[in-house]
Amino acid sequence: MLVTGGAGFIGANFVHHTLSHRPDYTVRVLDALTYAGGRRTLAAVDDRIEFVHGDVCDADLVDGLVADTDLVVHFAAESHVDNSLHDPSPFVRTNVLGTYTVLEAVRRHDRRLHHISTDEVFGDLGLGNDRKFTEESRYDPSSPYSATKAASDMLVRAWVRSYGVRATLSNCANNYGPYQHVEKFVPRQVTNLLSGHRPKLFGTGAHVREWTHVDDHNAAVHLILDRGRLGETYMIGSGDERSNKAVLELVLDLMGESAGGYDHVPDRPGHDLRYATDSGKLRRELDWRPRYPDLRAGLSATIEWYRDNEWWWKPVKERTEERYRQFGR
């Protein structure tokens, strides 16, 4: 198995999950080790994987790796909306050109591919309704990040139809869990509190997200690899929807802080109001059920992980907050 982006948040958790639950796989990781990925995330399994430091857009490198593998799980992506608003170019390169490079390699060598995507490609559901994204939802991305992920999805679908590439796709709701960069919403709030600083809430915090633990996401990916129908897309989501304000107040409660102990900061441009997925297809066809259907239990475990692993997040915390200060958030 070749895992692109396997030193990032979801990819690294996928590597850990695979080694713990699927000893039948030999795992090779390709990662460029940008700011969002690091070898320290894989330190505990370093002697059980082959690590390749390289760029997913390097066609010769990717071709050689794919030729020597059975299947590819494609996580590699730039993924932070704020960064995409500040500078879209890395998102276009990695998310679009990188996916094209992987597709051409799996096409040449007839390898199985699973492509990881996001529910953000579908845009905004709006508040005050019970609509959810499905596999048939219209694409309507709002940011450079989601637009480039939408483009990557379309490339995969086109290569399946035009060239017969053996691929599946998944679009997942917001993930949380260990090894998530402190620029993201949940770890930013948790590490602010652990550092003695007040958490930050964009705007009023009314924006609603569906929160899925990264281990549940990766268990779903393995089911798709094992039994998913080629050419199909599967939505992955816990079903637990909460506003950012409610999530932050739950973090404060779990960490023994008062409910109002946070600061409001300016909202980001074009901030989508609500995402929610209908994961019925995944549940019906592949019998997937989340281990953490309720955010409280998964979030409590995540907080404890950050409390116990300061060595992992503290070296990048101040640099991340300085970048937020530059953005005014």
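Reader: In this predicted model, which residue forms a salt bridge with R325, and how far apart are the closest N and O atoms?

Author: In the predicted model, R325 is partly exposed, because its relative accessible area is 46%, a value that lies between the 20% and 50% limits. The acidic partner of R325 in the salt bridge is E318, and the closest N and O atoms of the two are 2.4 Å apart.

Reader: Which residues are joined with R229 into one network by salt bridges that share partners?

Author: R229 forms a salt bridge with E232, with 3.6 Å between the closest N and O atoms. With relative accessibility of 41% for R229 and 22% for E232, both residues count as partly exposed. Salt bridges that share partners join R229 into one network with E232, K281 and E285.

Reader: How many residues apart are R166 and D110, whose side chains meet in a salt bridge?

Author: The salt bridge between the side chains of R166 and D110 has an N to O distance of 3.2 Å, and it is part of a count of 28 salt bridges. R166 has a relative accessible area of 29% and is therefore partly exposed, and D110, at 47%, also counts as partly exposed. The pair links distant parts of the chain, since R166 is in the loop between helix 5 and strand 6 and D110 in the loop between helix 4 and strand 5, and the two are 56 residues apart.

Reader: Is H181 buried or exposed?

Author: H181 is placed in the loop between strand 7 and helix 6. Leaving aside neighbours within four places in sequence, the contacts of H181 include Y35, A36, W312 and R323. Because its relative accessibility is 9%, which falls under the 20% limit, H181 counts as buried.

Reader: What is the phi of D287, and where does this residue lie?

Author: Most residues other than glycine have a negative phi. D287 is not a glycine, yet its phi is positive; the residue is found in the loop between helix 9 and helix 10, and it counts as exposed because its relative accessibility is 55%. The phi of D287 is about 60°.

Reader: What is the phi of L33, another residue placed in a loop?

Author: L33 is in the loop between strand 2 and strand 3, and it counts as partly exposed because its relative accessibility is 27%. L33 is a residue other than glycine with a positive phi, the value being near 55°.

Reader: Which strands stand at the edges of the open sheet that has the order 7-9-11?

Author: The open sheet is formed by 3 strands with mixed pairing. Each edge strand has a single partner strand, so one side of it is left without a neighbour in the sheet, and the strands in this position are strand 7 and strand 11.

Reader: Which residue of strand 9 stands opposite N175?

Author: Strand 7 and strand 9 run parallel and are joined by 3 bridges. Helix 7 lies across both of these strands, running at about 70° to strand 9. The residue in strand 9 that stands opposite N175 is T212.

Reader: Against which elements do the buried residues of helix 8 pack?

Author: The buried residues of helix 8 are N244, V247, L248, L250, V251 and L252, and the helix is followed by G256, whose phi is positive, near 75°. The elements against which these buried residues pack are helix 6, strand 8, strand 9, strand 11 and helix 10.

How values were computed: Residues numbered from 1 in each chain as written. Predicted model: local features only at pLDDT ≥ 70, side-chain atom pairs only at ≥ 80, totals over all residues. Heavy atoms only, no water. Helix = DSSP H or I, 4+ residues; strand = E, 2+ residues; numbered from the N terminus. Buried < 20%, exposed > 50% of the residue type's maximum accessible area, 1.4 Å probe, protein only. Contact = heavy atoms within 4.5 Å. Salt bridge = Lys/Arg side-chain N within 4 Å of Asp/Glu carboxyl O. Pairing = 2+ DSSP bridges. Axes fitted to C-alpha atoms, helices over the stretch in contact; angles between N-to-C directions.
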